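Biologist: I'd like to learn how to read the way two chains sit together. Can you take me through it?

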Number of protein chains: 2
Amino acid sequence: MIDQNFIDRLFSLDKRTVSRAITIVETGDERSRELLKSIAHRTGNAYRIGITGPPGAGKSTLTNQLTKYFRKQNKTVAIIAVDPTSPFTGGALLGDRVRMTEIGMDPGVFIRSMATRGSLGGLSKRTIDAADILDAAGYDYILFETVGVGQSELDIARTADTTMVVLVPESGDSIQAMKAGLMEIADLFVMNKSDRPGADNAIISLQTSLMMRSHDETSWLPSIVKSIATSNTGIDSIIQAINNHQAYLLNQNILQKKRELNSKIRIKEIVETQIREELWSRAREVSLNNSLEKVVLGHLSPYHIAEELINNYKSEFE
Amino acid sequence: MIDQNFIDRLFSLDKRTVSRAITIVETGDERSRELLKSIAHRTGNAYRIGITGPPGAGKSTLTNQLTKYFRKQNKTVAIIAVDPTSPFTGGALLGDRVRMTEIGMDPGVFIRSMATRGSLGGLSKRTIDAADILDAAGYDYILFETVGVGQSELDIARTADTTMVVLVPESGDSIQAMKAGLMEIADLFVMNKSDRPGADNAIISLQTSLMMRSHDETSWLPSIVKSIATSNTGIDSIIQAINNHQAYLLNQNILQKKRELNSKIRIKEIVETQIREELWSRAREVSLNNSLEKVVLGHLSPYHIAEELINNYKSEFE
């Protein structure tokens with residue numbers, strides 16, 4: 001169903017074909033699998049950078065500036081903007097109209113927004129599948145941009161080679177709650193809008209938190225870089241910090257090990273998703289629904305119903 | 001293995017037996033299933049209240065005050081303090097030493113802390129299993145207390161009949177990011193420490209957010225109640241708001257429907273957890289680990305490996 005012509009155009013970085021390939025991957029169906037299997041041998045060359053942080057920290061502007069920098073080095077760039085909408089309400093896509101006029105016309109830049117639509121696991125799967133398409137197509141850098149307010153930044157950290165957490169002076173205290181999570185995933189902190197009051201204090205507070213974490217001599221200590229993305233200040237320092245982290249990963253084969261761990265999580269998710277889909281067939285959903293009243297009234301234990309469903313599923317393979 | 005004597009002592013609200021039963025349930029093994037199946041017929045009578053909110057909002061103090069109130073009405077109370085430690089770092093248990101001296105000696109009050117230890121799904125499962133034990137034992141109220149900073153408050157909302165979100169005036173803006181999630185699960189907001197500056201503004205801001213949400217005439221509009229837990233101010237209003245919500249649920253059988261939905265999620269989780277455990281046998285873990293290098297180097301597609309693992313699992317039931 002996926003013809004060689006299509007694959008060839010993909011490998012020649014034809015943006016329309018890349019876009020169509022990602023649309024196929026977003027469906028997650030049989031054709032998506034076929035496509036992903038047929039491009040696997042071309043993956044592994046792109047460098048993947050995750051960019052996360054609280055809303056309003058300037059992630060999009062920074063992503064654009066980094067993209068322009070990479071383009072000046074003659075590197076091609078693909079951006080995946082992940083929109084972690086509430087699992088309940090849905091929500092708007094990250095605004096990327098400004099971005100489109102600024103860098104979207106460049107043939108060496110590919111931009112795609114992906115919404116979660118309530119499926120957290122699904123976000124991770126589709127994003128990583130899309131990254132493989134972009135990797136195989138030949139983009140040198142893949143930038144994942146996501147708001148760090150929940151699960152999505154963890155998913156991104158499991159996909160990215162370097163994860164960059166963007167903060168602003170004001171976010172120092174207010175993101176106390178999410179800070180622990182961001183601390184764990186950050187390979188690099190960017191204190192954006194660093195001309196605002198409190199920037200230096202925020203950096204000191206961040207440094208203190210970082211020093212308090214347990215780490216041995218061989219583990220990576222995230223660097224903290226100042227920037228003012230809107231005036232293109234500090235971009236060189238960010239690039240330098242990314243390069244330092246990349247050098248650290250390439251030394252001692254850490255990048256390979258990191259990617260192996262990420263692949264492991266990914267394969268497990270693929271396996272579990274398929275099993276789960278088979279498990280919750282229409283017939284078993286109905287059977288479950290019909291038992292619920294009895295469970296709530298205490299006539300049957302949830303564990304009793306669970307055992308029946310499991311036995312029914314397994315009997316399909318007898 | 002579970003003898004009738006043990007069950008009898010459990011049903012007579014013997015605190016030591018209740019405690020041992022929860023310890024059994026925490027292991028999640030075969031004995032835990034046996035116990036839960038043998039007490040199912042006594043569940044469904046306790047009223048379950050979730051208490052969540054940002055760190056420092058005063059959840060523990062409020063929980064204690066509510067407990068004292070219920071005790072004065074001659075109702076028995078069980079408290080489950082859920083500790084959502086970071087999935088990466090582990091962490092300390094919620095402090096409940098103060099609580100123990102205040103209400104822990106009361107024979108009509110049972111208190112238990114449960115840590116997540118990194119397993120988010122597992123938290124939900126063990127907490128709900130424990131709640132069933134407490135329900136069957138005969139406690140009138142079960143209070144779940146958890147910090148609202150991620151997944152744990154969603155788990156609690158799926159377990160509780162009434163979910164109470166505790167805020168303080170200062171948390172108004174700073175929890176912007178998590179607010180959307182808390183908005184969705186709250187049946188009742190408590191603005192604690194309401195003698196602090198900004199309390200009224202925070203309430204107006206909250207009301208505005210609530211009104212902006214789409215809702216039809218029949219859906220529940222969360223009430224907002226002021227309190228100063230440390231001086232026992234506003235507890236009556238909170239109780240009134242809980243009673244109002246309970247009356248709403250009991251009218252038109254909404255409580256039954258809500259519990260059926262929660263049971264459905266719970267049974268699915270039980271089924272999926274067991275299947276997952278069987279799926280990731282030692283042998284298949286090793287097989288997966290051995291394939292990772294080839295995947296990262298692009299020699300094999302993750303989807304190829306996933307298919308092999310699935311076929312291997314299913315062949316066990318042939």
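Modeller: Sure, let's start where the copies meet. Of the interface residues of chain B, 100% are also interface residues in chain A, so the copies meet through the same surface. Contact here means that the C-beta atoms of two residues, placed from the backbone, lie within 7 Å. Bear in mind that this is a predicted model: local features need pLDDT of at least 70, side-chain atom pairs count only at pLDDT 80 or more, and totals for chains, interfaces and linings use all residues. Residues are numbered from 1 along each chain as its sequence is written, while chains are lettered from A and ligands numbered from 1 in the order in which they are written.

Biologist: How many residues of chain B are in contact with chain A?

Modeller: The size of an interface is often given as the accessible area lost when the parts come together. Here we count residues instead: 52 of chain B touch 52 of chain A.

Biologist: Which helix of chain B gives the largest share of that side?

Modeller: H12(B), with 14 residues. By type, the side of chain B that touches chain A has 27 nonpolar, twelve polar and 13 charged residues. Ala, Val, Leu, Ile, Met, Phe, Trp, Tyr, Cys and Pro count as nonpolar, Asp, Glu, Lys and Arg as charged, and the others, Gly among them, as polar.

Biologist: And what turn lays chain B on chain A?

Modeller: A turn of 180 degrees, with a shift of 0.1 Å along the axis, does it at an RMSD of 0.1 Å (least squares on the C-alpha atoms of residues with pLDDT of at least 70 in both copies). That is how a two-fold axis relates copies.

Note on methods: Helix = DSSP H or I, 4+ residues; strand = E, 2+ residues; numbered from the N terminus.
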